[in-house]
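Work through the exercises below with the sequence and the coordinates at hand. Each task is followed by a solution in steps.

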Amino acid sequence: MATLTLVRGDITDQRVDAIVNAANSSLLGGGGVDGAIHRRGGPEILAECRALRASHYGRGLPTGKAVATTAGRLEAKWVIHTVGPVYQVSGGDEALLASCYRESLRVADVFGARTVAFPAISAGAYGWPMEVAARIAVETVRAAETEVEEIRFVLFDEQAYAAFAAQLR
Ligand code: AR6
C-alpha cells in the first residue's frame, strides 16, 4: 500500500516521478495548478498536449480521465493531466472526482511512476468545498490498488492542508 504524505506548498516545486495537473478538458492550459505547471514546465508540455488533442482527444479529455505527458523542465518525469468535475455543473458528482484520482494512479502505474504528487483537484476554480474534496481524495487513494509507493498531497494554503490533515487522522 502506498504511503500518503502531506505537504503545504507549490506542486511545481515537488521532486517526484509524476505531478498531477488539475487540468480542463481542452488540455491547453488555464489558471491555478494548470497555469503554474505550464509556466514552470515550459512549452514542451503544451506541445504534447496539442499532439494529444490532434490524435486521441479531438474533443478534449473527458471529465474523470487522465493522460500523461512529459514534465518538461519540472523536476519530475511526467505530468499526469486529469479533468475534475465542476461542482455546480456535475451536481457534486463524487464518483467523477474519485475517478480523477483512480485514473491518475492507473496512468502512473502504466508509466512506472513510484512517487506521485496530487493537488486538491476541483477544489479551486471548479468550486468543490475543500472538506468534501479532501475526503474523496483520501478515501479514493487509500482504496486504490497501485504500485505507487508515495502519494503526496500538495496543498497550497493552510485551510486546504488542514482539511487533508483531518482526513488522514
Ligand atoms: N500548487 C499546489 N496547489 C495549487 C497551486 C500550486 N501551484 N495553485 C493553486 N493550487 P485549481 P480546479 C490549489 O483552480 O479547481 C484551471 O484554470 C488551489 O488553491 O488549480 O480543478 C484549469 O485549467 C486549489 O486548492 O483546479 C481548469 O480550467 C487547488 O489547487 C480549472 O482551473 C485546485 O485549484 C481546474 O480547477
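The exercises treat a predicted model, and they cover aromatic pairs, the ligand site, backbone angles and distances.

**Exercise 1. Aromatic pairs**

Task: Determine how many aromatic pairs a search of the whole structure finds, and classify the pair of Tyr101 and Phe118.

Solution.
- Step 1. The search of the whole structure gives six aromatic pairs.
- Step 2. For Tyr101 and Phe118 the ring centres are 5.0 Å apart and the planes make an angle of 40 degrees. Pairing requires centres within 6.5 Å, and planes under 30 degrees apart would count as stacked, over 60 as edge-to-face. The pair of Tyr101 and Phe118 is therefore tilted.
- Step 3. Tyr101 belongs to helix H4 (residues 94-111) and Phe118 to strand S5 (residues 115-118), so this pair ties together parts 17 residues apart in sequence.
- Step 4. Tyr101 and Phe118 are both buried.

**Exercise 2. Extending the pair**

Task: Find the geometry of the pair formed by Phe118 and Phe153, and state which residues form one aromatic cluster with them.

Solution.
- Step 1. Phe118 and Phe153 also form a tilted pair, with 6.2 Å from centre to centre and 35 degrees between the planes.
- Step 2. Distant parts of the chain are linked here: Phe118 is in strand S5 and Phe153 in strand S6 (residues 150-155), 35 residues apart.
- Step 3. Phe118 and Phe153 are both buried.
- Step 4. One aromatic cluster is formed by Tyr101, Phe118, Phe153 and Phe164.

**Exercise 3. The ligand site**

Task: Describe where the ligand sits, which residues come nearest to it, and how much of its area the protein buries.

Solution.
- Step 1. The largest pocket holds the ligand. Strand S2 (18-23) and helix H1 (32-41) are the elements that give two or more residues to the shell around the ligand. H1 gives the most, with four residues.
- Step 2. There are 23 residues around the ligand, and the nearest of them are Asn24, Gly31, Asp34, Ser122 and Gly124.
- Step 3. Polar atoms can then be listed by distance.

| Protein side | Ligand atom | Distance |
|---|---|---|
| Asn24, polar side-chain atom | oxygen | 2.7 Å |
| Gly124, polar backbone atom | oxygen | 2.8 Å |
| Asp10, N or O atom in the side chain | nitrogen | 3.0 Å |

- Step 4. Taken alone, the ligand exposes 700 Å², of which the protein buries 89%.

**Exercise 4. Positive phi angles**

Task: For Leu27 and Ser122, give phi and decide whether each residue is buried or exposed.

Solution.
- Step 1. Most residues other than glycine have a negative phi.
- Step 2. Leu27 has a positive phi, near 60 degrees. Leu27 is placed in the loop between S2 and H1.
- Step 3. The relative accessibility of Leu27 is 2%, so Leu27 counts as buried, the cut-off being under 20%.
- Step 4. Ser122 has a positive phi near 70 degrees. Its place is the loop between S5 and helix H5 (130-143).
- Step 5. With a relative accessible area of 6%, Ser122 is buried. Ser122 is also one of the residues that come nearest to the ligand.

**Exercise 5. A polar side chain in a loop**

Task: Locate Gln14, give its burial, and name the residue whose side chain it contacts.

Solution.
- Step 1. Gln14 is found in the loop between strand S1 (3-8) and S2.
- Step 2. Its relative accessible area is 8%, so Gln14 is buried.
- Step 3. The side chains of Gln14 and Arg152 make a polar contact at 2.8 Å.

**Exercise 6. Sequence separation and distance in space**

Task: For Val89, Pro62 and Ile11, set accessibility beside the C-alpha distance to a second residue.

Solution.
- Step 1. Val89 lies in helix H3 (residues 87-90) and is exposed, with a relative accessible area of 72%. Val89 and Asp17 are 72 residues apart in sequence, and their C-alpha atoms are 32 Å apart.
- Step 2. Pro62 is in the loop between helix H2 (43-54) and strand S3 (66-70). At a relative accessible area of 41%, Pro62 is partly exposed. Pro62 and Gly84 are separated by 22 residues in sequence and by 9.1 Å between C-alpha atoms.
- Step 3. Ile11 is in the loop between S1 and S2 and counts as buried at 5% relative accessibility. The C-alpha atoms of Ile11 and Leu74 are 10.0 Å apart, with their positions 63 residues apart along the chain.

Notes. Residues numbered from 1 in each chain as written. Predicted model: local features only at pLDDT ≥ 70, side-chain atom pairs only at ≥ 80, totals over all residues. Heavy atoms only, no water. Buried < 20%, exposed > 50% of the residue type's maximum accessible area, 1.4 Å probe, protein only. Near = heavy atom within 4 Å. Polar contact = N/O pair within 3.5 Å; in protein donor to acceptor, adjacent residues only side chain to side chain. Areas by Shrake-Rupley, 256 points an atom, 1.4 Å probe, with all protein chains shown as cover. 1 Å grid on protein atoms, 1.4 Å probe; cavity = no way out; pocket = protein on both sides within 12 Å on 5 of 7 lines; lining within 4 Å. Sits in = over half its atoms within 2 Å of the grid points.
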